[in-house]
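Colleague: Before I plan anything around this model, I would like to go through it with you piece by piece. Please show me the structure, and then I will put my questions.

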Amino acid sequence: MENTAVKKSKGSDFLGKLLRQQLFIPVAALLILAIFNLIADPSFFKITLGYSSAGQPVLSGYLITILDYGSELAILAIGMTLVTAASGGQDISVGATIAIAGSVILRVLCGTDSRPETLQTSFLVAFLVACVVSMLFGAFNGILVAYFKIQPMVATLILYTAGRSIAAWINNNELPIISDPTFAYFGGFIPGIPIPTPFFIAMACVIVIALVLKFTNLGLYTQAVGINEKSSRLNGINPKFIKFLSFVILGLCVAVVGLIKVSRLSSINYSVIAKDIEMDAILAVALGGNALSGGKFNMAASILGAYVIQFLTTTLYKFDVQSDALPAYKAVVVILLVVLSAPSVRQKLSGLGKKLRVKEVA
Amino acid sequence: MSNKAILEMKHINKSFPGVRALQDVDFTLCGGEIHALMGENGAGKSTLIKVLTGVYEKDDGQIFVEGNDKEVSIRSPQDAQRLGISTVYQEITLCPNLSVAENMYIGRTENVYQNWKKINADADKLLKSLDIPAKATQQLASCSIAVQQMVAIARAVDMDCKVLILDEPTSSLDEQEVEKLFALMRDLKARGVGIIFVTHFLDQVYEVCDKITVLRDGKLVGQYEIKDLPRVKLVAKMLGKELDDMSDIRSEQEPYQGKDASDTVFEAHGLYSDTGIKPFDFYIKKGEVNGFTGLLGSGRSECVRAIFGADHVLGGTVKKDGKEVKITKPIDAMKNGIAYLPEDRKNDGIIGDLSVRENIIFAMQVLRGFFRPLSKAEANKYAEEYIKLLDIKTASADTPIKSLSGGNQQKVILARWLLTHPDYLILDEPTRGIDIGTKIDIQKLVLKLASEGMSVTFISSETDEMLRTCSRLVVMRDRKVVGELSGEDLTQNKIMSTIAGGEN
């Protein structure tokens, strides 16, 4: 509705308004990446319908990969956005806590036997246990940040360092393998559905958070606490609890990603699983145009940002960038995006736009 | 006194999206004069100052500064400083953790190597010559706000400033401190510095200024010699109307002088918090307007904060409508129908990045609870209703509150609390730093609310404002309640003598 009204006005006005839109950054980044791929190698966009080893129809192609792995990031971005908005900092322990969550799932399913014939319990129970454990670890981070007023990055550094060891300890450093093929559905394909399951899980999470934001005051409280903690308190909010809550919600997101991650392998590798994923999740928030210093946020932009980050990663892989070199390439792109989205730069850009418009008139 | 002009601004124009903040404004400042810049909020005072200091770039117009033949262009605060234009803002913009001398010379030395001995000596000399009671090596934070402000002025003086802008310098100072500041201003005036003085206090204008320039709605009303413009006329010029509103307020005062023995809405016994206030007793009746008065730092804000549970309450009992209740945090007070508009609007009141709408519905939303958000339509309805009711000037309900002028921000906060329909409303300095028009609006509103049965505690540093609105005053000195005045005792002199203490 708003868009059509804008289009009617002058083109340069349209550009100015667009630049101020928060969704502009991730959408523009996505377009640039898409156009780059289109020019460099259009086959990037090819999607083929093949058959999996089990004889099921599955879609494959780079776009599907993006959809698949981007979904993990999107789920994390939901929690990370809330943490960022409320606390003005980021949780860098999510990769390590994903390892913990995954390890818990395997431990509950397998018991002490690392090659079980039959599983100890249902997937649901295992997942719920993982949720509780993840939320407890989130609560640990939240207590440090909210009640002990430790910088979020410093507070979460503890689990960042210790998390993977805890994950290994949960399974006595063994690597349990689950032979039940249905366990692979969560990170792979459900028979008969050619779209990867993580995408559906992510969409479910998106719907849940959308409903939560609509039917509770989570969004308003989180933003208010991030913008002005003192004022929020004087209006009857408990800012500490809101910060704490954001970390617990992120914990829940971590459990969901943990399930996807262990399902992909039907096993776990403590030192590699979800490595560096926290950086991508934080970048998704930043790419969504959300201030990393907290305050106002746009959840849709963060989620889109997550898929854009994955788009970037996949593009780099496509062009045979070594996985060791990947972060360096990513960094360049990230610098560009973050600088472009910095308020001072945007101000200059819009000033430039204004000058161009004046010239047009003259 | 009538020196030649050292600063001339001609036909200045400046627009922001949707607002023409300055339209064709002229301003002339002579050396050795103190020139008051007056106007209501939104009149364009701050915009003019910001254009002059390079914070904003003007759209149109010319600025001439003595010593430059041609028009000068000021694009950044550095440009302004080079031209000898310095500003001391309402909020101290120095670094409290550095020493006085460091603050005076920071960013101004060119060598990597600093001769701190010499700098300290220079600073001491300058401070002494300006009669500022501070030592060069003292940490700035250990000085009072007034002295900090003077240090900022000393810094400006040392940069050879020809034009010194003082933006609301007195709003957080007590009387003696203001006197000291004025002495310093007079001293600088004698040295030929042109001073632009922005303030809301009429008394102060008439005490130190030589000329007055009045702005209204972004336009120049006129420039006057102080002797040609009596107070009444000045106020009239600022408001753009005659002074009916003021007399209005006075006549409304009558019904509230007497009080009947109606129900006590709120009472406190031996209440005290961790801010150092002595335990105090307090009560307020239905439809009553009372107030806490005392000098700055006497503990009047701390008292109401204790009532609202804003500070950590250490002891005492409180009763609401005769029933004993526990108030340990703001939400407890809110649930008991108590609302509190805090003194520090910027840090405690507004939620800057949120829209006017969200700021208005905020407290009500919190009271309704986490799982019962207002629908967009409801929120809009309430916001529009109160924007209209309180005449809040905003582009739309979606505008971030931080882009509103101070007076309008205050109205939004007021709207926020009125929306919760409290039976006891606490207003802590609701009129500080806002224009006369809004001030009168708020005073009238307080009286109207009381007549409808709301109990209001009103705190203001302007005694005449308190006299106009309150029927009973609790007087404080040194964080202790020292007296209570009502009826015939409620006069300026009586308040003064109670505050001062000693025999009457």
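Colleague: In strand E2 of chain B, which residue is the bridge partner of B:Leu7?

Modeller: This is a predicted model, in which local features need a pLDDT of at least 70 and side-chain atom pairs count only at 80 or more, whereas totals for chains, interfaces and linings use all residues. Residues are numbered from 1 along each chain as its sequence is written, while chains are lettered from A and ligands numbered from 1 in the order in which they are written. Strand E1 (residues 5–16) of chain B pairs with E2(B) in the antiparallel sense over 8 bridges, where strands (E, at least two residues) and helices (H or I, at least four) are DSSP runs numbered from the N terminus, and two strands pair if DSSP finds at least two bridges between them. In E2(B), the partner of B:Leu7 is B:Leu29.

Colleague: What is the order of the open sheet of 3 strands in chain B?

Modeller: The pairing in this open sheet of chain B is antiparallel, and the order is E2-E1-E4. Its edge strands, each pairing on one side only, are E2 (19–30) and E4 (60–65) of chain B. From one strand to the next the twist averages 10°, with axes being lines fitted to C-alpha atoms (for helices over the stretch in contact) and angles running from 0 to 180 degrees between N-to-C directions. The order asked for is thus E2-E1-E4.

Colleague: Which strands stand at the edges of the open sheet of 6 strands in chain B?

Modeller: That sheet has the order E5-E6-E7-E3-E8-E9 and mixed pairing. Each edge strand has a single partner strand, so one side of each is left without a neighbour in the sheet, and the two in question are E5 (85–88) and E9 (219–225) of chain B.

Colleague: Which residue in E6(B) does B:Val88 stand opposite?

Modeller: E5(B) and strand E6 (residues 163–167) of chain B pair in the parallel sense, over 4 bridges. Opposite B:Val88, in E6(B), stands B:Leu166.

Colleague: How many bridges join E8(B) to E9(B)?

Modeller: Strand E8 (residues 211–216) of chain B is mostly covered, with 5 of its 6 residues buried; a residue is buried if 20 or more other C-beta atoms, placed from the backbone, lie within 10 Å of its own, exposed if 12 or fewer do, and partly exposed in between. E8(B) pairs with E3(B) in the parallel sense over 4 bridges, and B:Thr213 in E8(B) is the bridge partner of B:Leu37. With E9(B), B:Lys211 stands opposite B:Glu225, and in the hairpin of the two strands, which has 2 residues between them, B:Asp217 takes a positive phi near 50°. E8(B) and E9(B) run antiparallel, and the number of bridges joining them is 6.

Colleague: Why is helix H1 of chain B described as largely enclosed by the rest of the structure?

Modeller: The buried residues of H1(B) include B:Lys45 and B:Lys50 as well as B:Leu48 and B:Ile49. Just after H1(B), B:Gly54 takes a positive phi of about 80°. The helix (residues 45–52) is called largely enclosed because its buried residues number 8 of 8.

Colleague: Where in chain B is the confidence lowest?

Modeller: Chain B averages a pLDDT (the predictor's confidence in each residue, from 0 to 100) of 83, and 90% of its residues score at least 70. Confidence is highest in strand E15 (residues 338–341) of chain B, at 95, whereas the lowest mean, 40, belongs to residues 244–252, which form helix H9(B).

Colleague: Which element gives the most to the side of chain A that touches chain B?

Modeller: In the model, 18 residues of chain A are in contact with 23 residues of chain B, contact being counted if the C-beta atoms, placed from the backbone, lie within 7 Å. The elements of chain A that give two or more residues to this side are helix H9 (218–227) and helix H10 (229–234). With 5 residues, the element that gives the most is H10(A).

Colleague: What radius of gyration does chain A have?

Modeller: Chain A has 15 helices and 2 strands, and 45% of its 362 residues count as buried. The radius is taken over C-alpha atoms, and the globule rule is 2.2 Å times the number of residues to the power 0.38. A compact globule of 362 residues would have a radius near 21 Å, which agrees with the value for chain A, 22 Å.

Terms used
Contact = placed C-beta atoms within 7 Å.
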